[in-house]
Amino acid sequence: MILVKLIQAKDCYSIRQQILWQHKTVAGCGIDIDEQEGSFHLGAFLNNELVCIGSFFKQHNSNFPQAKQYRLRAMATLPSAQKKGTAKSLVEFAVQKLQSENIDLLWCDARIVATGFYEKLGFSIKGDSYEIPIIGSHYLMYKKL
């Protein structure tokens, strides 16, 4: 059974390091806005083990006209839990939370390999791909809420 709940930013560091930022130390996997007002972090648990994380920030992207925007960053799932619905459950939980707060748009910088996942959840690509140094190719993706 998958359980999604709010977690602390520091609870995300290990999975961020293992999956996203192997070039960093675990302690170096904080994001400068992790504790910013309005930020929240979600964890998906499978059999009581934290296996998927995502961080959400009140952050405006000028590519979109919507006034109330949130950004999804540092979403990652452990390999042992991939393709089991954990990430889908986490994003759906976040969308419901953001909709209840009258947020208009959720956006993210999605790695090329993750675009199909996001498209299945109703996200669209905006513009051309771009490089994030060390990390790789991305697309700007968004979902109107």
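No disulfides turn up in this predicted model: the count comes to 0. Two of the cysteines worth a look here are Cys-29 and Cys-108. After those, the briefing turns to the largest pocket, with its volume of about 1,100 Å³.

**Cysteines**

- Cys-29 can't pair up because its sulfur sits 10 Å from the closest cysteine sulfur, the one in Cys-12, and that's too far for a bond. A disulfide would need the two sulfur atoms within 2.5 Å.
- Cys-108 is in no disulfide either, with the nearest cysteine sulfur, in Cys-52, 13 Å away.
- Is Cys-29 buried or exposed? Cys-29 counts as buried, since its relative accessibility is 0%.
- Cys-108 is buried too, at a relative accessible area of 1%.

**The largest pocket: who lines it**

- The lining of this pocket takes in 36 residues.
- If you want to find the middle of the pocket, look for Met-75, Ala-76, Ala-114, Phe-117 and Tyr-118, the lining residues that lie nearest its centre.
- Sorted by class, the lining has 20 nonpolar residues, along with 9 charged and 7 polar ones.

**The largest pocket: which elements contribute**

- Three helices give at least two lining residues each: helix 1 (13-20), helix 2 (86-100) and helix 3 (115-120).
- Strand 4 (69-77) and strand 5 (105-111) also supply at least two apiece.
- Which element provides the largest share of the lining? That's strand 4, with 7 residues.

Technical notes. Residues are numbered from 1 along each chain as its sequence is written. This is a predicted model: local features need pLDDT of at least 70, side-chain atom pairs count only at pLDDT 80 or more; totals for chains, interfaces and linings use all residues. Side-chain values use heavy atoms; hydrogens and water are left out. On a 1 Å grid over the protein atoms alone, a cavity is a set of points where a 1.4 Å probe fits but cannot get out, and a pocket is an open set with protein on both sides within 12 Å along at least five of seven lines; lining residues have an atom within 4 Å of a point. Grid points are joined across faces, edges and corners, and a volume is the space filled by probe spheres set on the points. Helices (H or I, at least four residues) and strands (E, at least two) are DSSP runs, numbered from the N terminus. Ala, Val, Leu, Ile, Met, Phe, Trp, Tyr, Cys and Pro count as nonpolar, Asp, Glu, Lys and Arg as charged, and the others, Gly among them, as polar. Buried means under 20% relative accessible area, exposed over 50%, partly exposed in between (1.4 Å probe, protein chains only).
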